[in-house]
Amino acid sequence: FFHFPRCQSSSHCLLSVHRSVLPTWDRPRSRDPMISGSCCAIVALVALLCLSQLRIFAQRRELAAARELASLASARDHRIKARLKRMHRLLRAAEVRENVSVCPPPSPVATKPASGDSATGTGTGSGTAEDGLPASLLLKAQRSWDWRAIASEALRPWGSIRKEQLETAVAACNDNGTMYCQRLQVHKGSLYLTDYRAIFFDRHYAPARVWPLLAALRRHRDLPDVDIVVAGNDEPRVPAFPGVGSSWAKTCRRWPGEKGGPLPPAIFASTTSRGVMDLPWLDFAWYFPRKPHKLRTPPWSVLHPQLVEAGGKVRWEDKLEIAMHTGNVGSVHRKSLAAVAEKAPREVFVNELFIGDHGKIRQTCKEMGLHATGGYQQHKCFMRFEDQCGYKYLLNSASIGYANKFKSLLLCGSVVLYVREGMRHKEFYEYGLLPGVHYHAVDTAAEVPAA
């Protein structure tokens, strides 16, 4: 690149060197038309190449979008096929008649059948839905539940669970002095547990929190290793209400989940709802002690066949024409129900009984002749579950966000009136129930007499 000419003088030499050190591409060039034309051709060629690359890029984006749409359509088709498959399976299980090709949506079952009819369609007549489809057919179709779908729905907020979230769950247990909590670990087929906190009442029923996992181990010897935290209280522990500003802000402050902050705890609770991130666990009422205890209720394995038998012994026309509730009346929602019973004793009967009455009250209401009085009576007698099957209408009202005797009421062959007011949470099995098929729903206690 450099050319050093002879120096005629010192100044000429410096000037020549200064110009000669310039690279050849920075020296003044002559304006040759051929060179200019070649440059234009090169620029045009580069422009064409750029345009072709842009077109290729656009085509690739269109192809990727088309593939994404095809993937979404395929997923949608898969969901539709799965739903159709489930529908056909339910239809086969229900033994649908030949002239019924598609099962219509479940319609409300008549809540007050005529004399001689059964609430479940098993009496001398059969209850009929509004569209003419037998109620018994709807109930048969609902016998086959999709438990996998219920479990998948509960796990949807949890793409994965980290070990740190179990530690956060343990910390959440220790934050509340009135909360009972356990950490359960299965390792090579053996169960290990740690108790964190226990309140006085729940000490007597603490083993009920462990029995579900023990039952799973008995049925599935190849159960993989498990590490979970179970809360023994009635209500969920991980609220997530985006529509409630203060609640959502408090949740985000406790578990920010970014820049090293803790993620929400992975914790199992007796009840759940769409406004919490807890995972469903069995309520302690499924595994009551076999020996005598304060709540008097036998374990579900004993109570279930007893109620099925008791419900089948009482004909619909022999049941008392009254809506009945017995048990705790401590919540504001059950107090409203008691007030309704005082105003409408012919339609509603509320029998108040607390845990502290155990040992004091030893006679049943039927033995004392107080089972058909109606109205609101307090701390006089108790009722066995078999006695409750003698009423046409059984009330399910909220205690602390839910009522764990709901499952028992469903077995009596009576109509269960589900009072929605105050029912903030559900047990795991309730996500498979349908209003109008398995129970009749009313919004408030004031609507019970008319229902």
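Here are four short exercises on this structure, each with a worked solution.

Before you start, remember that this is a predicted model, where local features need pLDDT of at least 70, side-chain atom pairs count only at pLDDT 80 or more, and totals for chains, interfaces and linings use all residues. Residues are numbered from 1 along each chain as its sequence is written, and side-chain values use heavy atoms, with hydrogens and water left out.

**Exercise 1. Find the residues with the most contacts inside the largest nonpolar core, and say which element gives the most to this core.**

Step 1: Get the terms straight. A nonpolar core is a set of buried Ala, Val, Leu, Ile, Met, Phe, Trp, Tyr and Cys residues joined through side-chain atoms within 4.5 Å. Buried means under 20% relative accessible area, exposed means over 50%, and partly exposed is in between (1.4 Å probe, protein chains only).

Step 2: Pick out the core. The largest one has 28 residues, and Tyr391, Phe406 and Tyr439 have the most contacts inside it.

Step 3: Look at the elements. Helices (H or I, at least four residues) and strands (E, at least two) are DSSP runs, numbered from the N terminus. Those giving two or more residues to this core include helix H9 (300-313), strand E6 (320-327) and strand E9 (391-396). H9 gives the most, with four residues.

Step 4: Zoom in on Phe406. Contact means heavy atoms within 4.5 Å. Leaving aside neighbours within four places in sequence, Phe406 is in contact with residues including Val416, Tyr418, Leu433 and Tyr439.

**Exercise 2. Is strand E9 largely enclosed or open, and which strands pair with E9?**

Step 1: Check burial. Six of the six residues of E9 are buried, so this strand is largely enclosed by the rest of the structure.

Step 2: Look for partners. Two strands pair if DSSP finds at least two bridges between them. E6 and E9 manage three, in the parallel sense, with Leu320 as the bridge partner of Tyr391 in E9.

Step 3: Turn to E10. Four bridges join E9 to E10, and these two also run parallel. Here Tyr393 stands opposite Val415 in E10.

**Exercise 3. Work out where Asp234 lies and which residues Asp234 touches.**

Step 1: Place the residue. Asp234 lies in the loop between strand E3 (226-231) and helix H8 (245-254). With a relative accessible area of 25%, Asp234 is partly exposed.

Step 2: List what Asp234 touches. Not counting residues up to four places away in sequence, you should find Ser270, Thr271, Asp283, Ile400 and Tyr402.

Step 3: Compare sequence with space for one of them. Asp234 and Ile400 are 166 residues apart in sequence, yet 7.0 Å apart in space, C-alpha to C-alpha.

**Exercise 4. How many salt bridges are there, and which residue in E9 forms one with Glu321?**

Step 1: Recall the idea. Side chains of opposite charge can pair when their charged atoms come close. A salt bridge is a side-chain nitrogen of Lys or Arg within 4 Å of a carboxyl oxygen of Asp or Glu.

Step 2: Count. This rule gives nine salt bridges.

Step 3: Find the partner. Glu321 forms a salt bridge with Lys392, and their closest N and O atoms are 2.7 Å apart. The pair links distant parts of the chain, since Glu321 sits in strand E6 and Lys392 in strand E9, 71 residues apart.

Step 4: Check accessibility. Glu321 is partly exposed at 47%, whereas Lys392 counts as buried at 11%.
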